[in-house]
Each structure stands twice: as C-alpha cells, then as structure tokens.
Amino acid sequence: MLDINGVQSVIPRYWGYYYFANAGVNFSVVGVDIYDKAYSKTLDNLLQTPKLDKEGMVVGKGVREIFNQNYYNEYFNFVKSDGSLKRVDVIGVFDTNTNLESNDMIFMPKELVKEIFDMQTNYATDIVLEVPNKNEIPSIISKIKQIYPDSRVITQDDIRVSYQNIFDYKSGLFLSLFVIAIFTFFIIIYDRASGLSSHEKREIGILKALGWRIDDILAWKFYEAFIISFSAFLIALITSLFYVYILQAPLLRDIFSGYSILKPSFELPFTLDFGMLSIIFFLSVPIYLAAIIIPSWKIASSDVDEVIR
Amino acid sequence: MITFKNVNKIFANDFYALKDINFHIKQGELVLLKGASGSGKSTILSLLAGLSKPSSGEVVVFNKHISKLPDDFASLFRREHIGFIFQKFNLIENLSVKENIITPLIPSNLEESIIDQRCEALLKRFDIEEKRDVLVKKLSGGEQQRVVIARALINEPRIIIADEPTANLDEKLSQDFILYLKALKEEGKTIIVATHDNLFFDLDFIDKIIQMKKGVIL
Ligand SMILES: Nc1ncnc2c1ncn2[C@@H]1O[C@H](COP(=O)(O)OP(=O)(O)O)[C@@H](O)[C@H]1O
Ligand SMILES: [Mg+2]
C-alpha cells in the first residue's frame, strides 16, 4: 500500500476485545510499542505512578478493580485460543482523570497482543494509512479496493460522522430533558410575574401603610427572593453533584456510556465546569428576582388602600 | 391640625365615594367617623394617611398638603406621624410579636437600642412580654389586638387612625379597647376612629362625631 501515490505511512495496529468469562466483561486490549519513545512519553503522563521499567501491561482503573476482585493483584493470566495461559504483569494503572476513556483498556506490547489473540506473524487487526492531502483520499480508496476487494476502508470523516450520530441521539435526549426543565422554570416565572397572590399584595399594602417607602419594600422583597433563589440554586447544585458522583448517575449513565453492562464499571471523574455553572446561575437567579421585583414594584407604587377596607 | 377642604373621591366608574367633604380636627381630639358600611369612612382614612389621593380638593395635615405629597414622602409622613389600627389586624403572620411591633421602624435609621427600648415598654404596657418571641398567628384575638395597638405606637405618632377597631372583637375585648383608647387620648394623641359599633357612641371622652352617608357628611 505504501506504493500507492499519496500515502505517507502505513501502520499496522494490533488490538481486540478480550472476554473475561469469570467477570463477564470485555476488556479492550491494545498493542503498542511501549518502548517506542513517542508512546512511552504520553503513557507516562497518563499513569498514576509513572514507571514503565519492565515488560507488562498498563490497565484502566475498571480493569484493575476486576483483576483485584478475582485475586489477580500483580499479574493476569490470559487464556489463549489453544487453552494455555499467558501471564502478563501489571506495570501501571491509568490516571483517574482519563477514566471515561481508559476504564476498560489494557495497553501492552504488540507482541503480547499477537500472542494472546493468536495472530499470525504478518497479520494485524487493522492498518492505518496516513494521507496528508485530503483530496487524494477518494482515489486512494478506490485503489485499495482494487488491490484488496474484501477490505473495508474507513476514513477519519466516517468515524467522525458515526460518533456524531451517537452523540446526536444522546444529546437529543438530554436536550429534551433540558427543554422540559427550562419550560417548567418559565411556567413558574410566568406565574410569579403575572401577579402576586392576594396575600403578598396585602403584605405590601400593610408595610406601605406602616410607613415603608417603595424602595424599602423592594429592598426587602429583593433580599427575600435572593435568599429563595440562591438557596434553590445551591440545593440544585448539591443534589446534582450528589446524583452524579455519589449515586453515580443512575439511568442517565447507561444512556451516556452505551452498552456498559459488558464493560467494567467505571467511576465518573470529578469535573466542575464553572462557565456552565455561571450560565445556569445567571439564567435562574436574576430572572427569578426580576419576576418577583417587577410585580412587587407595580403593587407597591399603586394605591394600597385596600388594606384598610 | 387636620383639614379636609372640598374633597371628592371619584372611582374609575364615575362613582363618587366622597362628595364635597369638609371638616376640621384639632390636636388632641378624639373623633368618630360614623356611618353604614360603604358610606366612605375608610376612604377618608386612606386620604388622611396619604395612602391614596383625592380626585379634587385638599387634605392638609400639620400644614402639609398630604394630597400633593409624592408617594415616598407620604410614606415618610406616615412613618413619622401616624399609627394605624386596622380592622383585620393586618399583622404579618410569619413574624413574631416583637418583629411585628417594630416593623414600622425597620426602614428608619433609628438606633436599634432605641427601638428595643420602645418595644420593651410597649410589650410591658400591653402585658404581652411573655409572648415576645411567639408567632402572632398563635396568639388569641385579644392578644393580637394588643400587638396591633403596640405596633401603632412604636413610632410615637401624634395621630392614631383606627378603622373598625372592634369589628372582630367580642364585647369584653371591645371594652378593653375603649379603655386603651381613653388612655391614648389622655396622653394627648389625636385619634380618628371609623366605626359603626354602638359601644362608642355614648362615651364621654368623644370630642366630635362625623356622621357619613353615601359619601357625604350629614
Ligand atoms: N377601589 C375602588 N373602586 C371602586 N369603588 C370603590 C373602591 N374603593 C371603595 N369603593 C367604594 O367606595 C365606597 C366607600 O367605601 P369605603 O370607604 O370602604 O366605605 P366604608 O369604609 O364606610 O365601609 C363603597 O361603595 C365602595 O364600594
Ligand atoms: Mg371600611
């Protein structure tokens, strides 16, 4: 394939799903050149305790836990296709921050991958072609098809599109939940803004009759509404943190992580997006305040003589 | 001290709630506004306190044209000079006795120690010291009535306005109220009471009765 015009490099990859029957889960086993400079440096950064000094595998946190549950602490025995065992030492665990991606991953030298999956010497799982000029891609694809009619060629764009589809479906679901929440919020706001209860009106009337100025009443209303909306914001924040990180997001988690039953369970890495938080804050608290203050101001600045009737 | 001069109050539907009202009240007088329900008593009180404005005519209190005061100044005027006693008590239910009593002074810049002092004196005078921190909705009718009077006195007003003060009280509590009223009059307060309760009409310390009917003074 290197002979095809426009192809810069050809890299064979060795990987596969290893089914661990005792736990009923799949691991994604990926072969890398651990001792290749480029790889080991990036790997180092992703590890909890960066030291790759002997031959072995680097595993995700979920994999590590499953190993431990099955009494494999230092190493793991892979069952090869002929039934014999292959022992591989655990030499590193991925950092928790990469959990979402690395949880079910096992990285090991490609020779070991080939041995465990019983791959022939000059075989690979797939082949990555690097094509610097995008415009040449279609003609290269057709040439590959000519040479290897049974091959399947996937471009980076194809991958992107398929991810896009998955996330469109998922984000669509979240979007609809989000829209429902927003809608509810605005119904409440509308209800508040379209008029205070007679009880609230009366209270404003009493205060005014007792010598409060409009400003005094609004300051008090503001204070009250701020406490209500700010504590609602805090409660919502704490509940959602609790839901996601303590309860580990039941229901939503399955939607997000797909066919997770077959994969090792994972813990959600803790992130707090302050940009998002401030958007939520500024969409809720000030709007609620306005929805209280404006009608209060209307009532307070009109005649309130009903209180003495 | 209080003067109504050619006062008319017309509501949106061309209804004359008050028609050419003229009267004068001197400092320290106790005046009854008498008349059937709907005759315009509350409307007079609200004009007097600056809670609403006459359609025409003048309301003058302490040489001030209440009818021409901007809203905020009317509030300050009430805070300074007027104590209100409402028919429906109009206490703020979720606040304690003490909080209700000091409500009129919360926006004022009076020192807290002074407000406290006044409040304690009133709690004592009306025998509700023990109830200081109780929510007003848990009080009996008589106790609530005393909180209302205490609240009307916290700003040490010169004028007390009471609208149907005994309408929700039984005979005994109404008599008590009349005693409080007498004491206030003896302290030199100017008092205007709107009522159609017969208990008031043969009291010997009443200075003037203004008899209303359908928006006019008879
Ligand atoms: N906001 C208003 N709009 C229209 N009519 C009103 C309004 N307020 C009071 N009125 C009418 O004015 C009249 C006098 O009311 P009010 O002063 O409350 O009487 P009183 O206190 O003597 O029972 C009543 O007929 C009442 O229905
Ligand atoms: Mg009335």
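Reader: Hi! Which helices supply at least two residues each to the lining of the second largest pocket?
Author: Happy to help! In this predicted model, helix H7 (198–209) and helix H8 (214–246) of chain A do, together with helix H3 (97–102) of chain B.

Reader: And where does the largest share of that lining come from?
Author: From H7(A), which gives three residues to the lining of the second largest pocket.

Reader: How many residues line the second largest pocket, and which lie nearest its centre?
Author: The lining is made of 13 residues. Nearest the centre are Glu203(A), Trp220(A) and Glu224(A) from chain A, plus Ile92(B) and Leu95(B) from chain B.

Reader: What classes of residue are in that lining?
Author: Seven are nonpolar, three are polar and three are charged.

Reader: Nice. How much space lies in the second largest pocket?
Author: About 260 Å³.

Reader: Let's switch to the chains. How many residues does each one bring to the contact between them?
Author: Chain A brings 19 residues and chain B brings 28 residues.

Reader: What area is buried between chain A and chain B?
Author: About 2200 Å², and carbon and sulfur atoms give 57% of that.

Reader: How many salt bridges cross the interface of chain A and chain B?
Author: There are two salt bridges across it. In one of them, Lys208(A) pairs with Asp71(B), and their closest N and O atoms are 2.9 Å apart.

Reader: How many residue pairs are in polar contact between chain A and chain B?
Author: Eight residue pairs, counting those where both residues have pLDDT 80 or more.

Reader: Which helices of chain A supply at least two residues to the side that touches chain B?
Author: H7 and H8 of chain A each do so. The largest share of that side comes from H7(A), with six residues.

Reader: How do the residues on that side of chain A divide by class?
Author: The side of chain A that touches chain B has nine nonpolar, two polar and eight charged residues.

Reader: New topic: how many cavities of 30 Å³ or more are there?
Author: The count comes to one cavity of that volume or more. The largest cavity has a volume of about 50 Å³.

Reader: Which residues line the largest cavity?
Author: Chain A gives Ala209(A) and Leu210(A). From chain B come Arg78(B), Ile82(B), Gly83(B), Phe84(B), Pro104(B), Arg151(B), Ala152(B) and Asn155(B).

Reader: Which elements give two or more residues to that lining?
Author: Strand E6 (82–85) and helix H5 (141–153), both of chain B. E6(B) has the largest share of the lining of the largest cavity, with three residues.

Reader: And what classes are in the lining of the largest cavity?
Author: By class, six residues are nonpolar, two are polar and two are charged.

Reader: One last thing: where is Gln27(B) found?
Author: Gln27(B) sits in the loop between strand E2 (15–25) and strand E3 (30–34) of chain B.

Reader: Which residues is Gln27(B) in contact with, leaving aside its neighbours within four places in sequence?
Author: With those neighbours left aside, Gln27(B) is in contact with Met1(B), Arg158(B) and Thr190(B).

Reader: How many residues apart are Gln27(B) and Lys68(B) in sequence?
Author: Gln27(B) and Lys68(B) are 41 residues apart in sequence, and 22 Å apart in space, C-alpha to C-alpha.

How values were computed
Residues are numbered from 1 along each chain as its sequence is written. Chains are lettered from A and ligands numbered from 1 in the order in which they are written. This is a predicted model: local features need pLDDT of at least 70, side-chain atom pairs count only at pLDDT 80 or more; totals for chains, interfaces and linings use all residues. Side-chain values use heavy atoms; hydrogens and water are left out. On a 1 Å grid over the protein atoms alone, a cavity is a set of points where a 1.4 Å probe fits but cannot get out, and a pocket is an open set with protein on both sides within 12 Å along at least five of seven lines; lining residues have an atom within 4 Å of a point. Grid points are joined across faces, edges and corners, and a volume is the space filled by probe spheres set on the points. Helices (H or I, at least four residues) and strands (E, at least two) are DSSP runs, numbered from the N terminus. Ala, Val, Leu, Ile, Met, Phe, Trp, Tyr, Cys and Pro count as nonpolar, Asp, Glu, Lys and Arg as charged, and the others, Gly among them, as polar. Contact means heavy atoms within 4.5 Å. Buried area is the accessible area (1.4 Å probe) that two parts lose on being put together, summed over both. A salt bridge is a side-chain nitrogen of Lys or Arg within 4 Å of a carboxyl oxygen of Asp or Glu. A polar contact is a pair of N or O atoms within 3.5 Å; within protein, one must be able to donate a hydrogen and the other to accept it, and residues adjacent in sequence count only if both atoms are side-chain atoms.
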